[in-house]
Structure formats: structure tokens, C-alpha cells
Amino acid sequence: MEKFSYIGKDMKRIDAAYKATGEALFSADLNLPRMLVGKVLRSPHAHARIVAIDTVKAEKLPGVKAVVTAKDTCGDKWGVFKYTQDQQFLPTEKVRYVGEEVAAVAAVDEDTALEALSLIDVTYEVLPAVFTIEEALAPGAPQLHEVYPNNTNIHVFIDVGDVEKGFAHSYLVKEDNFTAPEDSYFQGEPYAVAAQFDHAGNLEIWMPNAGPHLKAKPLSNVLKIPLNKVRVRKITIGGAFGGRSEISPADVICAFLAKKAQRPVKIVYTREENTVCTRQAHSMIAKIKTGVDKEGRVVARDITCHMDGGAYSSTGPIATSVPFLCMEQAYRMENVRYNGYRILTNKPIRGMFRTHGRAFACGVDIQLDMIGEALGIDPLTMRLRNARQTGDTTPTKSYVPSCGLTETIEKTGKMSRWKEKFRKLPPYYGIGIGCNSVQTGFPMGIRGGSQAFIKLNEDGGVTVITGIVDNGQGNDHMIVQIVAEELGLTPDDVQLITADTEVTPSDPGSYSMCETFIGGNAVRLAAQDVKKKLFRIVADEFGVSAEQLSAKNRKIFVTNDPQQEMSIAKAVRMALTRNESISGEGSYWPKVDWRREWVKNPYGQLSETFSFGTVICEVKVDPETGQVEVLEVTASQDVGYALNPKVIEGQFEGGVAMGGQGGMLTEYLQWHEGRVLTPTQLGYLIPLAIDMPKINNIIVETIDPKGPYGAKEAGMSVAMSAAQAYCGAISNAVGVYFHEYPITPDKILKAIEEKKKRDPKR
Amino acid sequence: MNEMKKTAITLNVNNEIFDIVTFPNQTLLEVLRDHLHLTGTKESCGEGACGSCTVLLNGVPVRSCLTLAIAAQGKEITTIEGLSKGEKLHPVQEAFVNHHAIQCGFCSPGMILTAYALLKENPNPTEAEIRRAISGNVCRCTGYAKIVEAIKSLAEEGR
């Protein structure tokens with residue numbers, strides 16, 4: 001007998017058809033009656049004092065309905081944590097990067113709005129600026145914020161075991177530096193926000209978001225209205241990839257414009273604004289020192305990482321920690337020290353990106369390859385010898401309840417025919433491996449668990465009410481699958497109300513990989529609550545105990561005597577006549593150590609469980625042009641349990657594209673003095689269909705003890721491993737280990753050239 | 001203010017005739033979205049690089065962000081809204097749904113129209129031909145594998 005009707009099955013996503021027809025509305029598609037066009041005036045300077053802002057001419061321009069400046073937002077500041085509240089929604093004193101918001105207008109059309117911006121007269125006193133980590137840390141460097149001496153925004157310090165002793169006892173110690181510039185999220189949908197106020201002072205607002213409640217709180221604070229008047233509405237979201245979680249100045253500006261004009265206002269970002277004025281990914285310099293025993297097992301590791309955070313904190317404490325935490329989860333290391341520094345520069349703000357920390361992850365992995373070569377151990381064996389295992393505790397004291405990393409390494413190796421290929425390929429062909437691990441949410445400090453409600457209709461159908469957000473990965477479908485499975489309904493019987501702060505309860509948001517584990521568990525508990533109530537009624541009727549009942553095909557029946565059955569619709573009606581509540585409620589709070597804090601106390605259970613992934617990549621390098629042709633990629637992840645395997649494959653494939661193909665070959669932002677030179681697709685090269693290799697997917701299931709049906713998360717450990725596999729493969733093909741990423745053709749040609757000089761015979 | 005004079009244009013969109021008064025510098029994308037409320041056509045880059053705004057002019061995929069609305073007069077314009085017939089999805093749309101070729105969905109309208117035009121011109125494309133044909137449409141979510149599978153499934157069915 002099949003265990004599940006829907007869970008674990010390849011199911012068509014419930015949201016696919018309406019996205020295929022163009023019916024799905026994204027924020028920029030909204031068109032409300034009397035809606036105005038909002039536009040933002042941005043700083044042309046990387047660092048400048050704002051002496052005066054004169055908006056009189058702009059306000060007088062016919063067609064202009066509202067102008068806002070920092071006077072309206074009262075200089076209010078935002079920060080993810082209490083100790084990082086450093087970004088004003090509109091700055092009062094200084095601008096700190098090219099593109100920072102200074103003022104905004106709402107007008108009857110775009111041309112008028114743009115003309116009005118040109119009439120706003122801002123007097124700046126230009127200040128010296130810093131554009132790199134080195135400049136920012138130099139003695140006497142211009143300071144961005146008084147509260148962060150030496151432009152050092154965050155310092156995360158972790159020290160476990162005895163690192164020096166570990167190095168002293170190591171058979172081999174290696175130290176290297178790895179660097180990567182900034183990359184861009186480049187969501188398909190440019191940022192957009194629409195807002196309107198009603199006469200009672202209720203705000204309705206739509207924007208791509210990773211958690212409506214995380215947007216509502218700062219809006220409530222800055223607008224000084226209670227949370228129940230802030231209605232962040234559900235809308236289709238065109239990708240997030242770790243972004244879209246924080247409040248954007250555009251949200252606040254749009255709300256203030258709508259309030260002042262008493263008309264709906266919509267701000268739609270250009271592609272350039274989306275690249276420069278939302279979030280970017282950190283550039284990074286990682287110094288990694290690793291000591292191993294004769295068998296290649298890591299004895300001690302000391303990592304110092306400097307990240308360029310741009311002008312403000314954003315998710316700084318998290319961003320400074322996560323690359324390290326992922327790697328301490330993936331690989332065993334007993335004696336380890338980490339110094340993570342987030343440095344402020346006069347560049348756009350950096351946040352948490354899906355493939356955050358490519359220099360870090362590549363550094364750790366490629367150094368294992370280098371050490372392995374010195375010891376005569378191949379990279380795959382190096383991974384196996386250091387792989388995290390179920391039941392381990394990480395250095396920072398997280399228990400790992402399930403871990404299939406070894407299985408992912410072995411299966412990926414087998415499918416890609418690693419043994420037959422490594423060191424046996426023709427010249428300029430190469431194969432490489434990468435591993436990583438991610439959290440399933442890290443709810444500390446700023447957010448809690450997830451809650452869900454289920455309402456039953458008289459025909460037996462249900463409406464699920466949850467704060468879970470779908471930014472493209474398929475979370476909405478997951479909710480339907482879980483509820484249909486638990487209640488024995490069909491997916492058509494399940495309707496959703498999600499991600500709307502007026503109606504839906506709190507949820508941690510769709511980032512940090514927590515929606516399946518935390519949101520999914522909450523929804524499942526709500527469905528089980530309904531089931532319990534319905535079963536009580538049916539059990540009474542049949543004179544059996546509730547434990548003897550099952551639900552399937554819209555019916556509740558006695559498991560051992562299926563002839564005794566009642567339709568769910570009838571059970572619902574009986575509940576009504578008996579005046580019994582059958583609505584369901586579920587709440588899930590992950591079991592983590594709530595005393596853990598990113599900077600002050602980085603020890604304790606970080607996340608309730610973790611996913612693990614391996615990617616192997618095979619490439620061919622053209623020694624004449626430096627071009628890399630990727631021949632095949634094999635991706636594998638311990639997902640806990642695959643709720644919808646095709647959705648997971650899609651996450652693997654997207655992760656390989658973003659993390660490997662883009663992240664290691666073509667994607668990086670180019671700069672001139674704090675100005676992004678490549679903000680659009682013409683300069684920032686996202687992989688195209690012709691670039692992508694064949695991808696083999698291997699789903700590994702470890703059935704996590706606490707995940708819904710054993711599920712953890714669907715693909716992030718692949719996205720975080722792909723860069724290393726690409727890097728390893730190119731290094732293997734060229735015979736040179738690369739330390740600077742992405743590995744563009746110029747770097748490859750230079751490496752080949754230098755290698756020839758060193759070793760002219762080959 | 002804008003000193004340009006508005007002009008009357010007539011567009012045939014999805015077999016419906018629309019009379020519009022607009023500035024001659026308006027792009028087809030702007031007119032479709034802002035005047036006709038056909039918001040299935042998306043803007044992602046605004047400079048012809050990403051393919052999100054793809055529509056068909058006499059069956060040929062064009063970037064509506066680079067096409068002036070006045071220049072589309074007298075041609076059959078097909079947007080994503082014109083593909084499905086009532087409740088019934090077009091087979092290309094159905095294939096995208098069935099093969100998980102849609103994640104966030106922002107690039108999907110343009111991608112589907114490009115695939116539709118390819119299959120009209122070449123009902124049995126090879127994988128290389130499919131990849132080349134859709135390489136003017138950027139997708140940030142899928143890595144293209146499922147999109148290629150969806151189009152291939154139609155080629156194999158000989159539609």
C-alpha cells in the first residue's frame with residue numbers, strides 16, 4: 001500500500017497555470033484607481049553631507065501630488081537588530097553611497113515625476129570616500145558612521161578547542177588567501193512597491209517580500225500606526241534568493257507618498273535601481289589556515305574573513321557568520337578559530353545572498369584539494385574523511401540530528417564516474433567536487449516560529465491561513481500538499497490565504513531555508529488538529545476510537561473496515577449541528593538555543609536541523625582562449641525527505657546555474673569609485689540556456705526526525721556547493737589552484753602562462 | 001512638460017482591435033501594459049537584454065521594450081494573454097506547467113512565447129536548437145533544464 005497520496009509525488013505546482021497565462025500579478029502589474037507614479041531621487045555622490053534640500057520648485061510643477069524628504073520620515077532609522085539600527089529611511093545628514101535615497105515624488109505620470117526630480121535642489125558637501133576593505137581600514141580613513149570605529153561594523157569571534165596546539169600537532173599546515181568581488185541577486189522581477197491609504201488610515205501595500213510580517217513591523221514603527229493598520233498583501237514574487245527580506249526605503253517612501261497624496265502610489269525600480277539600491281552580495285577576502293593529520297583529517301583551522309558590507313549594517317551579523325557556520329556544519333573540525341569582520345565602505349548595501357560567501361566556501365574546499373594533493377589523497381576521499389556525520393555536534397554546539405553528506409559524496413562520485421576520471425582525463429579536462437551545508441532557519445533574536453489556521457467549508461473543503469511566502473520556489477504548493485495529505489482531501493479542495501499581514505499569523509519568512517521545516521510543520525500540525533476534531537465526531541458516530549480511523553479520498557473511514565465510512569463534508573455538517581469547533585490551529589517553534597546570539601554568544605543550537613550537499617563538475621578548458629566549457633554537473637543533496645521531487649530538482653538546477661555557472665564563471669560587479677558599471681544584463685552576465693551543461697540530480701533522503709515527513713530544505717546545499725565544484729574542476733584542468741573568483745578567461749590564460757614559465761617542459 | 005503631440009494609433013492585439021491615443025515615443029511594452037492592461041508582458045531590463053517583454057509580431061518574437069507602439073500598427077500582435085483559449089491552456093503553456101518549467105514565473109510569459117514561435121517555425125527542434133532559441137530569454141530560477149525538457153516534450157509529440 002502506498003504510504004502517501006501526495007507527499008513524495010511529482011505534482012504539478014498549483015501556481016504554475018496562472019503564471020503560464022500571464023494572469024499572475026506581480027507588484028508592478030497593479031493598477032489601482034487614481035494611482036500615481038512614484039520616483040526616487042538618489043545620491044550622485046559616494047559620501048557627502050546633505051547641506052540643504054529644496055523641493056519648492058518640484059512641488060509647484062503641475063501634476064506633482066506629493067514630495068517626501070527626511071522631514072517626513074523624521075530621520076527614523078532601521079536595522080535588523082537593535083545594535084545595527086544605522087540606516088535612515090531617508091538620510092538627514094549624510095549620504096553614504098551612490099544611489100542612496102534622498103527624496104521622492106509622486107506625480108500623475110512618469111515624465112512628470114522625472115521632471116520633478118530634476119527640480120529638487122540638493123546641496124551636498126562632498127566628503128572623501130572609501131571603496132575597498134583596505135581603504136576603509138587604513139589609518140586615518142574617512143569614517144562612515146561614528147558608532148563603528150575603523151569602519152568595522154561587525155566582528156564575529158569564535159574560538160573552539162585549542163587551535164595553536166592543533167597546528168602544532170598537525171602533519172601538514174597550509175595557509176592561503178581567497179577573494180571574490182561583489183555579485184548580484186539579479187531577481188527576474190525588479191523591485192516594485194504599490195501603496196494606498198484609506199480614510200481610516202489603514203495602509204495597504206504590495207511588494208516582493210520574503211516575509212510580510214518583517215515588512216509590517218518597521219512600517220508600523222516609522223508611520224506610527226499600529227500593526228493592524230499595516231496590511232502587507234499577498235502578491236506574486238519574482239524571485240528573492242535571500243533578498244527581499246528587509247524593509248526597503250522604497251516601501252516607506254511609497255507609503256509616505258500615498259499618505260501625503262491620499263492616492264495610491266506605485267514605485268517601480270529600473271534594473272539598475274534593483275542592482276544598486278536593493279541589496280548586493282558581499283565581496284570577501286578569506287584567509288584560511290588548515291592543519292591536517294597524515295590521513296588528511298582536519299586537526300585545526302583558523303579563518304579570518306573580511307567582508308565588504310557597503311554603507312550600512314543590513315543583515316550584517318548574520319552575513320558575517322553564515323559562511324563559517326555552513327562550513328563548520330559540512331566538515332568536522334575540532335579546533336577552530338574564526339574572525340569575521342564586516343567592513344563598511346561607500347558602496348551599496350550588502351545582504352544575505354543565496355550563494356553567500358563563494359570565496360569562503362571555495363577557499364575551504366579548494367584548500368582541501370591542495371592538501372590532498374600534497375598527501376597523495378584525492379579530493380573525494382578528502383571530503384569523505386572530513387564529512388560531518390549524524391549525531392555529531394558542530395564546534396559552535398549544534399547537534400546534527402540527521403546528516404547524509406557521506407551518501408551525497410559517494411553517490412555523486414559514482415554517478416559522475418569520479419574514480420575513472422580524476423587524474424585520468426586528457427589535458428585541459430578537469431573534474432572537481434564541492435560540499436556544503438545550510439541551516440533550516442536560524443530564528444534567533446529577530447523572529448519566531450510559524451503559525452497556521454485551517455477553516456473548513458460545508459462541502460468538506462478547507463482554507464489554509466498561513467504567513468508562509470512563496471517567492472518562486474513552490475512553497476504555496478507545499479502547503480496544499482501537506483494539508484491534502486493529512487486530511488485525505490484532493491489538492492483542489494485546499495484554498496490558500498497566505499502572506500497577508502491583515503489575515504495571516506506570524507511566520508519567520510521565506511529565507512534562511514526555514515519554510516519547509518518551520519512553516520511546513522506548523523501547517524501539518526494545524527491539519528492534524530482538524531483531523532483530530534473530525535475524527536472525534538466520526539468515532540462517536542461509528543462507536544469506535546479515533547485511533548481506528550483514517551482519512552483518504554474525501555472520506556473518513558475505519559481503517560480495518562473501510563466500508564464504515566463518512567464523507568468529510570458530512571462530518572463537517574455534523575460538527576455544525578453539534579456546535580463543535582473543527583477549525584484547526586498549528587504552531588511550530590524550532591528547538592534552538594535562544595541564548596545564542598550572532599556576536600555576543602555564537603554558541604548553542606543554531607538551527608533544529610541542517611541539509612548537506614555535494615556537487616561534482618566536469619569541464620574542458622580551451623588553453624588558447626581561456627574559455628571554460630562545462631561538460632556535465634552532478635548535484636546531490638540530503639533534503640531529509642523529498643516532498644515534491646521535481647520541485648527539488650528545479651532547485652538543484654537553479655542552484656547550479658546561480659552558484660556554479662554564474663558564480664564561478666561570469667558573475668561579478670565592476671566598479672568605478674563606488675559606482676556600479678555593470679548593473680544590467682548587458683554587463684552582468686547571467687547564465688543563458690546555451691551556457692548550461694547537462695545536470696544530473698541525486699536526491700538523498702535521511703528522514704529527519706523533526707522535519708515534516710522527514711523533510712529539511714530543498715536545494716540550498718547544492719547552490720552553496722556548486723562554486724567549489726566548478727573551481728575544483730577548472731583547477732584540475734589547468735593544473736593551477738585558483739584563489740580569485742570568479743574564474744574568468746583572463747585569469748585562466750594568466751595561470752596557464754605562469755605555469756608554462758614555471759614548468760616549461762609541459 | 002512633454003511637448004510631443006499625442007497621436008492616434010490602431011493595434012491588433014490577440015485578434016482584437018484597439019484604438020489608442022498616445023505619444024509616438026511610447027514603446028509597445030508601455031502601451032500593452034499601461035493602456036491595454038495586458039500585464040502578462042513583463043519588464044525586467046528595459047534594454048532588450050532579457051526577453052521578459054517578448055511578444056510576437058506576425059508570429060515573430062520581438063522585444064516589446066525596444067519596439068515603438070506606432071511601428072506595430074498593421075501587424076498581428078500576440079501577447080501571453082492571447083495564447084490560451086478560454087479555460088484551455090495552449091499546449092506550450094501546458095508543457096511548461098507539466099514539466100515544472102515555471103518557478104517564480106516572471107520570465108515565463110516571454111519564454112513561452114519564444115518557445116511557441118520556435119515550434120511554429122521548427123516543429124521538431126533539437127536540444128541545441130531549443131537552447132539557442134531561448135537564449136534571448138533570461139531565467140534566474142530554473143537553470144533552464146526543465147524549460148528545455150518542456151519544449152522537447154512538444155517536439156517529440158510532433159506538435
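## Close-up views of a predicted two-chain model

Within chain B, 57% of the contacts with a separation of 6 or more link residues that are 24 or more positions apart. Keep in mind while reading these legends that the model is predicted.

**View 1. Chain B, with its five helices and five strands.** If you follow the sequence from start to end, the elements come in the pattern β-β-α-β-β-β-α-α-α-α. The C-alpha atoms fill a box of roughly 50 × 30 × 25 Å along the principal axes. How does the radius of gyration of chain B agree with that of a compact globule? For 159 residues, a compact globule would have a value near 15 Å, and chain B has 16 Å, which agrees. Buried residues make up 53% of the chain.

**View 2. The place where chain B touches chain A.** Chain B brings 42 residues to this contact, and chain A brings 44. On the chain B side, four helices supply at least two residues each: α2 (91-98), α3 (108-121), α4 (127-133) and α5 (145-157). Which helix gives the largest share of this side? The helix is α2(B), with four residues. Sorted by class, the chain B side holds 19 nonpolar, 17 polar and six charged residues.

**View 3. Domain 1 of chain A against domain 3 of chain A.** Chain A is divided into three domains, and some of them are made of separate stretches of sequence: domain 1 covers 16-22 + 449-588, domain 2 covers 31-127 + 196-238 + 244-269, and domain 3 covers 280-443 + 596-758. The centres of domain 1 and domain 3, taken over C-alpha atoms, are separated by 38 Å. Where these two domains of chain A meet, 17 residues come from domain 1 and 19 from domain 3. On the domain 1 side, the elements that give two or more residues are α15 (475-487) and α16 of chain A. Of the residues on that side, α16(A) gives the most, with six. The domain 1 side divides into seven nonpolar residues, nine polar residues and one charged residue.

**View 4. A three-stranded open sheet in chain A, in the order β24-β25-β26.** The pairing in this sheet is antiparallel. Why do β24 and β26 (561-567) of chain A each have one side without a neighbour in the sheet? Both stand at the edges with a single partner strand, so one side of each is left free of a neighbour. On average, neighbouring strands here are turned by 30° against each other, direction ignored. Look at β24(A) and β25(A), which pair over four bridges in the antiparallel sense. Here A:A551 has A:I556 in β25(A) as its bridge partner. Helix α17 (residues 568-577) of chain A packs on the sheet and touches β25 and β26 of chain A. The direction of this helix makes about 55° with that of β26(A).

**View 5. Strands β22 (residues 462-466) and β23 of chain A, which run parallel.** Five bridges join the two strands. Across the pair, A:I465 stands opposite A:I497 in β23(A). In a regular strand, side chains alternate between the two faces of the sheet. Which residues of β23(A) make up its covered face, and which its uncovered one? A:V494, A:L496 and A:T498 form the covered face, whereas A:Q495 and A:I497 form the uncovered one.

**View 6. Two residues of chain A with positive phi, A:S512 and A:R554.** A:S512 has a phi near 60°, a positive value in a residue other than glycine. This serine lies in the loop between β23 (494-498) and α16 (515-542) of chain A. Is A:S512 buried or exposed? A:S512 is buried, because 25 other C-beta atoms lie within 10 Å and 20 or more are enough to count as buried. A:R554 is not a glycine either, and its phi is about 65°. The loop that holds A:R554 runs between β24 (549-552) and β25 (555-558) of chain A. With 16 other C-beta atoms within 10 Å, A:R554 is partly exposed.

**View 7. A cis peptide bond in chain A, from A:Y741 to A:P742.** The omega angle of this bond is near -5°. A:P742 lies in the loop between α20 (722-734) and α21 (745-758) of chain A.

Key
Residues are numbered from 1 along each chain as its sequence is written. Chains are lettered from A and ligands numbered from 1 in the order in which they are written. This is a predicted model: local features need pLDDT of at least 70, side-chain atom pairs count only at pLDDT 80 or more; totals for chains, interfaces and linings use all residues. The radius of gyration is taken over C-alpha atoms; the globule rule is 2.2 Å times the number of residues to the power 0.38. A residue is buried if 20 or more other C-beta atoms lie within 10 Å of its own, exposed if 12 or fewer, and partly exposed in between; C-beta atoms are placed from the backbone. Two residues are in contact if their C-beta atoms, placed from the backbone, lie within 7 Å. Ala, Val, Leu, Ile, Met, Phe, Trp, Tyr, Cys and Pro count as nonpolar, Asp, Glu, Lys and Arg as charged, and the others, Gly among them, as polar. Domain bounds come from an automatic or database domain assignment. Two strands pair if DSSP finds at least two bridges between them. Axes are lines fitted to C-alpha atoms, for helices over the stretch in contact, and angles run from 0 to 180 degrees between N-to-C directions.
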